[in-house]
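User: I am new to this structure. Please take a close look at one part of it, and explain which pieces meet there and what lies around them.

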Amino acid sequence: MREFDAIIIGAGQAGPSLAGRFNDEGKKVAIIERKHVGGTCVNTGCKPTKTLVASAYAAHLARRGAEYGVVLDGAVKIDMPTVMKRSHKVTLDSRHSNETWLEGMPNCTLIRGHAQFESPNTIRVDEELLTAPQIFINVGGRASIPDFPGVKDVPFMTNSDIVMLDRVPKHLVVVGGSYIGLEFAQMYRRFGAEVTIVEKGPRLIGREDEEISDAVRKILEAEGIHIRTGAECIRFRKHETGVAVGVNCTEGDPEVIGTDVLLAVGRTPNTRDLGLDKAGVELDERGYIKVDDRLATTAEGIWALGDCNGKGAFTHTAYNDFEIVAANLFDGEDRKVSDRLLGYALYIDPPLGRVGMGEAEAKKTGRKILVGTRPMTRVGRAVEKGETLGFMKIIADADTKEILGAAILGTGGDESIHGVLDMMNAKADYDVLRWAVPVHPTVSELWPTVILSMQPA
Ligand SMILES: Cc1cc2nc3c(=O)[nH]c(=O)nc-3n(C[C@H](O)[C@H](O)[C@H](O)COP(=O)(O)OP(=O)(O)OC[C@H]3O[C@@H](n4cnc5c(N)ncnc54)[C@H](O)[C@@H]3O)c2cc1C
Ligand SMILES: NC(=O)c1ccc[n+]([C@@H]2O[C@H](COP(=O)([O-])OP(=O)(O)OC[C@H]3O[C@@H](n4cnc5c(N)ncnc54)[C@H](O)[C@@H]3O)[C@@H](O)[C@H]2O)c1
């Protein structure tokens, strides 16, 4: 049995950095990966999607070229194999640099294979047993495939398949109107597919404020994407041209006929094939590993980081899990997940940047709140770029002046949101941001103006 100071299961977004820290501390660490180093983000998530979003944006801008006085001879065409080649290169470069880094560490051993617990401190990888007093689980998740009627009888894709597709579907039906669904829907529309989004909830991105859902819907519909919300009857059957997707039982066309189907209806943690019962690690009712505020599981000496603990579902939350665990183990700190302020972005164009509470959520707290908004048509930088869709919004506590949250659906929104996120992390009240002197011309320079426009809501 090989002995280590620490074993990490999964080389996604938390594991490799933690392996690096153990290595730097002179500790012997093993990191086990059953598929690709880099996990979901690098191989089938953030990296390929954001690279493809960039190609889709280039196509969109090229089609709008004449508005900017840029004349292209002939129609804009999509060379899908080249689009995909570019995406694969970004993914493979990232995967290889992660592998080279892990393999180059003197105290780290990268082991390929599926890991399972044999006991609280023993892991099996195929025929080999490994042991360590500290074990870190970073196994991530995979696309959920609900038991929709007929789903087993038709071909469908998940995010893992569609990032490998080197053709443009004639009619892509996207089931699920949240992050994954919307990013692929707009991207494939811009690549030239007919696209229909089927969402069972009453609106797209149902966690956001209604005005954001409505604005996103308008933006997508203006590009010719069909949207079917309130789809209470999702089911599938084979059709001569591809797949018939049942949508509504009572109103509208009962079916959408597509050539290809993407399922984007959430994620399932990879926790059922780890032998966790042999280690005393408990799961919650949704299959996520139960952890405390410092990411310790119910078993002594075992931690869970990233998507598999259900505390976050983003690359930056997985990475922050690594930061919390490493700071507590090595730096004498007491870092907690509950200290984390959540920000995120939805990478449609224009992107949605978000931090903290939405307006509906802020109202539910019973506080007196102030809300300021501004359309992107009144943001100079957006006008200059010819990208004026969307709006900025900030929410604050009327009594304490605390900034509670912000949203920006607009050009550069994924970057600009950090102006507010950083203020909130610094626990600065809205007067501090109001008196900042931002650079002109930027989108961010309007945050002080949005604050000045705040009204009771
Ligand atoms: C299409 C898509 C787009 C996304 N875009 C973004 C984005 O723009 N921004 C963002 O912040 N997040 C994005 N995400 C989410 C992000 O990818 C995840 O939150 C992040 O990858 C989670 O990291 P992780 O380390 O927890 O798990 P993962 O990255 O999933 O890594 C887990 C690793 O563990 C391995 N593993 C699992 N079980 C075992 C086992 N038993 N033995 C050995 N190895 C095992 C897996 O093979 C995998 O490599 C996106 C996700 C998807 C699907
Ligand atoms: N930009 C980003 O940061 C980014 C991009 C993509 C994915 N992600 C991460 O990946 C995760 C998964 O994304 P996602 O969009 O698949 O999931 P999600 O959980 O955000 O949304 C799932 C959508 O599918 C619908 N749905 C769920 N179950 C359904 C069912 N049985 N039938 C019909 N519809 C159903 C929901 O109403 C919801 O709109 C997200 O939580 C996110 O953190 C992040």
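Analyst: Helices (H or I, at least four residues) and strands (E, at least two) are DSSP runs, numbered from the N terminus. This is a predicted model, where local features need pLDDT of at least 70, side-chain atom pairs count only at pLDDT 80 or more, and totals for chains, interfaces and linings use all residues. Residues are numbered from 1 along each chain as its sequence is written, while chains are lettered from A and ligands numbered from 1 in the order in which they are written.

A good place to look is helix α3, which spans residues 46-63. Its packing against α6 (179-190) comes first here. The two helices meet at an angle of about 40°, and their axes are 8 Å apart. Axes are lines fitted to C-alpha atoms, for helices over the stretch in contact, and angles run from 0 to 180 degrees between N-to-C directions. With this angle, α3 is therefore oblique to α6 (under 35 degrees is roughly parallel, over 145 roughly antiparallel, 65 to 115 roughly perpendicular, the rest oblique). On the α3 side, the contact involves T49, L52, V53, A56, A59 and H60. On the α6 side, E183, Q186, M187 and R190 take part (contact: C-beta atoms, placed from the backbone, within 7 Å). By class, this contact of α3 with α6 has 5 nonpolar, 3 polar and 2 charged residues (Ala, Val, Leu, Ile, Met, Phe, Trp, Tyr, Cys and Pro are nonpolar, Asp, Glu, Lys and Arg charged, the others, Gly among them, polar).

α3 also packs against a second helix, α4, which covers residues 80-104. Here the angle is about 145°, with the axes 9 Å apart. From α3, the residues in contact are K47, P48, T51, L52 and S55. From α4, they are V83, R86, S87, V90, T91 and S94. This contact of α3 with α4 divides into 4 nonpolar, 5 polar and 2 charged residues. L52 of α3 appears in the contact with α4, and L52 is also listed in the contact with α6.

Both α3 and α6 also take part in the surroundings of ligands. Ligand 1 is surrounded by 36 residues, and G10, G12, G39, G140 and G306 are the closest (a residue counts if its C-beta atom, placed from the backbone, lies within 6 Å). α3 gives two or more residues to this shell, as do β3 (29-33), α2 (39-43) and α8. Sorted by class, the shell around ligand 1 has 14 nonpolar, 17 polar and 5 charged residues.

Ligand 2 has 23 residues around it, and G176, S178, Y179, I180 and A313 are the closest of them. At least two residues of this shell come from α6, and at least two come from β19 (343-346). The largest share, 4 residues, is supplied by α6. The classes in the shell around ligand 2 are 12 nonpolar, 7 polar and 4 charged.

α8, named above in the shell around ligand 1, has a helix partner as well. Helix α8 (residues 315-330) packs with helix α1 (residues 15-24) at an angle of about 25°, their axes being 9 Å apart. α1 and α8 are therefore roughly parallel to each other. S17, L18 and R21 of α1 make the contact with Y319, F322, V325, A326 and F330 of α8. That contact consists of 6 nonpolar, 1 polar and 1 charged residue.

β19, which supplies residues to the shell around ligand 2, also borders a loop with a backbone feature. P350 lies in the loop between β19 and β20 (352-356). A cis peptide bond joins D349 to P350, with omega about 0°. Another cis peptide bond links H440 and P441, where omega is about -5°. P441 sits in the loop between α12 (430-434) and α13 (447-452). A further backbone detail concerns D126, a residue other than glycine whose phi is positive, near 55°. D126 is placed in the loop between β6 (122-125) and β7 (128-131).

Notes: Contact = placed C-beta atoms within 7 Å.
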